[in-house]
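Me: I should be grateful for a close look at a single part of this chain. Please begin with the disulfide and the strands that surround it, and then place that part within the whole.

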Amino acid sequence: QLQLVESGGGLVQPGGSLRLSCAASGDRLRHYHIGWFRAAPGKEREGVSVITSTGVITNYADSVKGRFTISRDDGKNTAYLHMNSLKPEDTAIYYCAALLDPYRSDYPPLFHDPAWNWWGQGTQVNVSS
C-alpha cells in the first residue's frame, strides 16, 4: 500500500523560496502520476501541479505558473515542488497525492479526477513578512 509523507514546509518571507518533498513508501512511485494540492483557510482544496508517471508532462494552476516547478526522482521514490517568488496568497497546507498509472501514460490527470486515492498528511507553508 502506497504511503506518502510531505516535508519542507515552513515560514518564508514574500519573494522567498521553498522546496517541498513527497517521499513514498510501500510501492514504486514510477507507477503513479503525482499531484500537489493545497488548502488555504476558508477555501476549498485546489490543484497546484501535476506530473505524469513518466515525468514527461507537467501541468500547473494559472496562479503558480512561472513560479512553481514540479519534479520527480523515481530512484529516490520522491517527488518535489519547487516554489519561488512566494506570495502571501500561497499560504496553505500543501498535500501530495498519487494516482495509479500502470500503463505509464503521458496523459496528465485532471486535478478533480476521483482516482487521486493516495494522500499525504500535508505540510504547512506560511508566507508572511
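Reply: The following account starts from the disulfide, moves through the sheet, and ends with the chain as a whole.

The model is a predicted one. It contains one disulfide, which links Cys22 to Cys96 with a distance of 2.1 Å between the two sulfur atoms. In general terms, a disulfide is a covalent bond between the sulfur atoms of two cysteines. The angle about the S-S bond is 65°, and the link of Cys22 and Cys96 is right-handed. Because Cys22 belongs to strand β3 and Cys96 to strand β9 (residues 92-100), the pair ties together parts of the chain that are 74 residues apart in sequence. Are the two cysteines buried or exposed? Cys22 has a relative accessibility of 0% and therefore counts as buried. Cys96 likewise has 0% relative accessibility, so Cys96 counts as buried.

The strand that carries Cys22 is part of a sheet. This sheet is open and has four strands in the order β1-β3-β8-β7, with antiparallel pairing. Its edge strands are β1 (3-7) and β7 (68-73), each of which pairs on one side only. From one strand to the next, the twist averages 15°. As a general point, strands of a sheet pair through backbone hydrogen bonds, either parallel or antiparallel.

The pairings of β3 can be followed residue by residue. Strand β3 (residues 18-25) runs antiparallel to strand β8 (residues 78-83), and six bridges join the two. Within this pairing, Cys22 stands opposite Ala79 of β8. Ser21 has Tyr80 in β8 as its bridge partner. Strand β3 also pairs with β1, again in the antiparallel sense, over five bridges. There, Val5 has Ala23 in β3 as its bridge partner. Cys22 is thus in β3, a strand placed between β1 and β8 in the order of the sheet.

The other cysteine leads to strand β9. Ala92 is also found in β9, and its relative accessible area of 1% makes it buried. Which residues does Ala92 touch, not counting residues up to four places away in sequence? They are Arg38, Ala39, Ala40, Thr123, Gln124 and Val125. The C-alpha atoms of Ala92 and Thr123 are 8.5 Å apart in space, although the two residues are 31 apart in sequence.

Arg38, one of the residues that Ala92 touches, is found in strand β4 (residues 32-39). Arg38 has a relative accessible area of 5%; residues under 20% count as buried, so Arg38 is buried. Not counting residues up to four places away in sequence, Arg38 touches Glu44, Arg45, Glu46, Val48, Ser63, Val64, Phe68, Glu89, Asp90, Ala92, Ile93 and Tyr94. Among these, Phe68 falls within β7, one of the edge strands of the four-stranded sheet. Arg38 and Thr123 are 85 residues apart along the chain, and their C-alpha atoms are separated by 9.3 Å.

A further buried position occurs in a loop. Ser53 is located between β5 (46-51) and β6 (58-60), and its relative accessibility of 0% places it among the residues that count as buried. Leaving aside neighbours within four places in sequence, Ser53 is in contact with Arg30, His31, Tyr32, His33, Arg72, Asp74, Asp101, Arg104 and Ser105.

These local features may now be set within the whole chain. The chain has 11 strands and zero helices. Its radius of gyration is 14 Å, close to the 14 Å that the globule rule gives for 129 residues, so the chain is as compact as a globular protein of that length. The C-alpha trace spans about 45 × 25 × 25 Å along its principal axes. Of the 129 residues, 45% count as buried; Cys22, Cys96 and Ser53 are included in that class. The accessible surface comes to about 6,600 Å², and carbon and sulfur atoms account for 49% of it. Among contacts between residues at least 6 apart in sequence, 63% join residues at least 24 apart. The link of Cys22 and Cys96, which ties together parts 74 residues apart in sequence, is an example of a long connection along the chain.

Key. Residues are numbered from 1 along each chain as its sequence is written. This is a predicted model: local features need pLDDT of at least 70, side-chain atom pairs count only at pLDDT 80 or more; totals for chains, interfaces and linings use all residues. Side-chain values use heavy atoms; hydrogens and water are left out. Two strands pair if DSSP finds at least two bridges between them. Axes are lines fitted to C-alpha atoms, for helices over the stretch in contact, and angles run from 0 to 180 degrees between N-to-C directions. The radius of gyration is taken over C-alpha atoms; the globule rule is 2.2 Å times the number of residues to the power 0.38. Buried means under 20% relative accessible area, exposed over 50%, partly exposed in between (1.4 Å probe, protein chains only). Contact means heavy atoms within 4.5 Å. Accessible areas come from the Shrake-Rupley method with a 1.4 Å probe; for residues, only the protein chains shown count as cover. A disulfide is a pair of cysteine sulfur atoms within 2.5 Å.
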